[in-house]
Amino acid sequence: QVQLVESGGGLVQPGGSLRLSCAASGSIFRIFAMGWHRQVPGKQRDLVAAFTSGGSTNYADSVKGRFTISRDNAMNTVYLQMNGLELEDTAVYYCNALASPGFGVSPGDYWGQGTQVTVSS
């Protein structure tokens, strides 16, 4: 199976920056897509930024120009650089990957445990 471990969350003041990391490990044959979602209590989990299976990037409109997703393919790791953080960015951030754990095995949807990001003055 594929395990995703996030790190880098925390408390930051408005206008500040944080960098999240997500490392994939375990039985990994291929990662097709990987990225970040976020969720606040009582609301659905929404896409923040992701690398698609075609290699392009998608960003939520609310984070364009402030957040940047990057990756280290050799390390099966993605990063989310968050600048200009706003109160509305407060959420639990989840790493997500569409990955196949073995040759000929259909890809599955994997999630990390989440990391809390709190933006507060």
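How many disulfides does a search of the whole structure find? Just one. Keep in mind that this is a predicted model. Here are my notes, point by point.

1. The disulfide. C22 and C95 are the partners, with their sulfur atoms 2.0 Å apart. The link is left-handed, at -80 degrees about the S-S bond. C22 belongs to strand β3 (residues 18-26) and C95 to strand β9 (residues 91-100), so the bond ties together parts that are 73 residues apart in sequence.

2. Burial of the cysteines. Are these two buried or exposed? C22 has 0% relative accessibility, so it counts as buried. C95 also comes out as buried, with a relative accessible area of 0%.

3. The aromatic pair. The search of the whole structure turns up one of these. F29 and F103 meet edge-to-face, 5.6 Å centre to centre and with 75 degrees between the planes. F29 sits in the loop between β3 and β4, while F103 sits in the loop between β9 and β10 (108-111), so this pair ties together parts that are 74 residues apart in sequence.

4. Exposure of those rings. F103 is exposed, because its relative accessible area is 74% and the cut-off is over 50%. F29, at 46% relative accessibility, counts as partly exposed.

5. Arginines over rings. Two contacts are worth a look on screen. R19 lies over the face of Y79, 4.0 Å from the ring centre. The charged end of R71 sits over the ring of F51, at 4.2 Å from its centre.

6. The largest pocket. Its volume is about 240 Å³. There are 15 lining residues, and the closest to the centre are I31, F32, M34, R71 and N73. So R71 turns up here as well as over the F51 ring. 

7. What lines the largest pocket. Which strand gives the most to this lining? That is β4, with five residues. Strands β4 (30-39), β7 (67-72) and β8 (77-82) each supply at least two residues. By class, the lining divides into six nonpolar, six polar and three charged residues.

8. The second largest pocket. This one has a volume of about 150 Å³. R38, Q39, V40, K43, Q44, D46, E88, T90 and A91 line the second largest pocket. Its lining has two nonpolar, three polar and four charged residues.

Methods. Residues are numbered from 1 along each chain as its sequence is written. This is a predicted model: local features need pLDDT of at least 70, side-chain atom pairs count only at pLDDT 80 or more; totals for chains, interfaces and linings use all residues. Side-chain values use heavy atoms; hydrogens and water are left out. On a 1 Å grid over the protein atoms alone, a cavity is a set of points where a 1.4 Å probe fits but cannot get out, and a pocket is an open set with protein on both sides within 12 Å along at least five of seven lines; lining residues have an atom within 4 Å of a point. Grid points are joined across faces, edges and corners, and a volume is the space filled by probe spheres set on the points. Helices (H or I, at least four residues) and strands (E, at least two) are DSSP runs, numbered from the N terminus. Ala, Val, Leu, Ile, Met, Phe, Trp, Tyr, Cys and Pro count as nonpolar, Asp, Glu, Lys and Arg as charged, and the others, Gly among them, as polar. A disulfide is a pair of cysteine sulfur atoms within 2.5 Å. Buried means under 20% relative accessible area, exposed over 50%, partly exposed in between (1.4 Å probe, protein chains only). Rings of Phe, Tyr and Trp (its six-membered ring) pair if their centres lie within 6.5 Å; planes under 30 degrees apart count as stacked, over 60 as edge-to-face and the rest as tilted. A charge sits over a ring if NZ of Lys or CZ of Arg is within 6 Å of the ring centre and within 35 degrees of the ring normal.
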